[in-house]
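Thank you all for making time this morning. I would like to walk you through one structure, going slowly for anyone who has not seen it before.

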Amino acid sequence: MNKPKSAGYTNHTLATEFILLGFSDLPAVHQGWLSVLFLFIYIGTLLGNGLIILLVSLDSFLQIPMYFFLRNLSFLEICYISVTLPELLQIFFIGNRHVSFLGCAAQSYFFYACGRAECFLLAFMAYDRYVAIRMPLRYNTIMTKALCVHLSLVSVGVSLLESLGQTACVFSLFYCEFNIINHFFCDILSVLGLACTDTFRSEVFFWVCIILFALIPFVLILMSYIQILSSVLRIKSTTGRTRAFSTCSSHLISVLLFFGSGTFSYLRPKSSRRPARDKLLTLLYTVITPMMNPLIYSLRNKEVKAALVKLGSQRMFVFCKSNL
């Protein structure tokens, strides 16, 4: 829905809250099925990513940089989905579509902070695979624990600061009585469409942030995989090439899911944007990707599966011993 922009705001009532439409355009029976589906997805995502965190923390064989980053990714996925999905579940089960102005700003802030942090983390994971394949003899001296911690702190710190500037730029604008957001969370582009002042500077700042903090990590990932591919193709044995590719396959699938859905969602022409389509595309990288990552890394990773079996055996032994 479009509304006229006003150069002045003194004759308007400023909005103190927003109303999220969610999937209200769907029939009630479809909303009912969706509510149950999203509830199970949320619980499954929390359990799956929580299990990855537990396995990496407890198993000594997983105390290497690759799994250090995987644990951080799982924690980030829990935060990422928890920013949006509980709000949507509240709309489904309680029917409360109202969100305060500050609450909307906070949701946007943490959503984009988690998204930016994931972009950087996936880039650092690609670099880890690059070092492992291109410089295997120097891997332990390059990918030290201190470097991994510093890279993780950089990804979080830069993302929090960038998202703070972006959120402040958007929510410092004036929003009048038209306060209905046709989305299931406070997406910045949807919020900007409600401003009753000029949004040109805020939109430019938003796209600059997209280019700097999403495109650059993607380019770094692409450069890493070009180097990885050139190294793998030099391996003469088929078994060696297969083994090298297998160490990257899970990460590559995650990159394609996250960046593919995000790129298609944000970089489409305005003429092709439709609220219903935008919401479905947003679900791909805010809900489906966090749910899929534990499956990708557990089903395609022998070490994770072995750690899972080991943990299950230990718990079963403790259970049986306690009942003797």
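Let me begin with phenylalanine 213, which has a relative accessibility of 19% and therefore counts as buried, since the cut-off for that word is under 20%. I should say at once that this is a predicted model, and that the values I quote are computed from it. The partner of phenylalanine 213 is phenylalanine 120, which is also buried, with a relative accessible area of 15%.

How are the two rings placed? A pair of aromatic rings is described by the distance of the centres and the angle of the planes. For phenylalanine 120 and phenylalanine 213 the centres are 6.2 Å apart and the planes stand at 65°, so the pair is edge-to-face. Because phenylalanine 120 sits in helix H3 and phenylalanine 213 in helix H7, the pair ties together parts of the chain that are 93 residues apart in sequence.

The count of aromatic pairs comes to 24. Another one of them joins phenylalanine 23 and phenylalanine 38, and this pair is tilted, with 6.3 Å from centre to centre and 35° between the planes. Here phenylalanine 23 belongs to the loop between strand E1 (17-20) and helix H1 (28-58), while phenylalanine 38 lies in helix H1 itself, 15 residues apart. Both phenylalanine 23 and phenylalanine 38 are buried.

That brings us to H1, whose 31 residues should span 45 Å at 1.5 Å a residue, and whose end C-alpha atoms are indeed 45 Å apart, which agrees. The buried residues of H1 include Gln31, Leu34, Tyr42, Asn49 and Leu55. Leucine 55 has a relative accessible area of 4%, and so it is buried. Which residue does leucine 55 meet across a separation of 252 residues in sequence? It is alanine 307, and the two are 6.4 Å apart in space, taken from C-alpha to C-alpha.

Let us move on to helix H2, residues 65-93, where 29 residues reach 41 Å from the first C-alpha to the last, close to the 42 Å expected at 1.5 Å a residue. There is nevertheless a kink of about 35° in H2, at serine 82, shortly before proline 86. H2 is mostly covered, with 21 of its 29 residues buried, and just after H2 ends, glycine 95 takes a positive phi of about 85°.

H2 also contributes to the second largest pocket, which I would like to describe with some care. About 610 Å³ of space lies in this pocket, and 26 residues line it, of which Arg129, Arg243, Ser246, Thr247 and Glu303 lie nearest its centre. Besides H2, the elements that give two or more residues to the lining are H3 (101-134), H7 (200-234), H8 (238-266), H9 (275-299) and H10 (302-322). The largest share, seven residues, comes from H8. What classes of residue make up this lining? There are eleven nonpolar, seven polar and eight charged residues.

Let me finish by stepping back to the whole chain. The protein chain has ten helices and three strands, and read along the sequence, these follow the pattern β-α-α-β-α-α-α-β-α-α-α-α-α. Of the 324 residues in the chain, 46% count as buried, among them phenylalanine 213, with which I began.

Definitions and conventions:
Residues are numbered from 1 along each chain as its sequence is written. This is a predicted model: local features need pLDDT of at least 70, side-chain atom pairs count only at pLDDT 80 or more; totals for chains, interfaces and linings use all residues. Side-chain values use heavy atoms; hydrogens and water are left out. Helices (H or I, at least four residues) and strands (E, at least two) are DSSP runs, numbered from the N terminus. The expected span of a helix is 1.5 Å times one less than its number of residues. The bend at a residue is the angle between axes fitted to the seven residues ending there and the seven starting there. Buried means under 20% relative accessible area, exposed over 50%, partly exposed in between (1.4 Å probe, protein chains only). On a 1 Å grid over the protein atoms alone, a cavity is a set of points where a 1.4 Å probe fits but cannot get out, and a pocket is an open set with protein on both sides within 12 Å along at least five of seven lines; lining residues have an atom within 4 Å of a point. Grid points are joined across faces, edges and corners, and a volume is the space filled by probe spheres set on the points. Ala, Val, Leu, Ile, Met, Phe, Trp, Tyr, Cys and Pro count as nonpolar, Asp, Glu, Lys and Arg as charged, and the others, Gly among them, as polar. Rings of Phe, Tyr and Trp (its six-membered ring) pair if their centres lie within 6.5 Å; planes under 30 degrees apart count as stacked, over 60 as edge-to-face and the rest as tilted.
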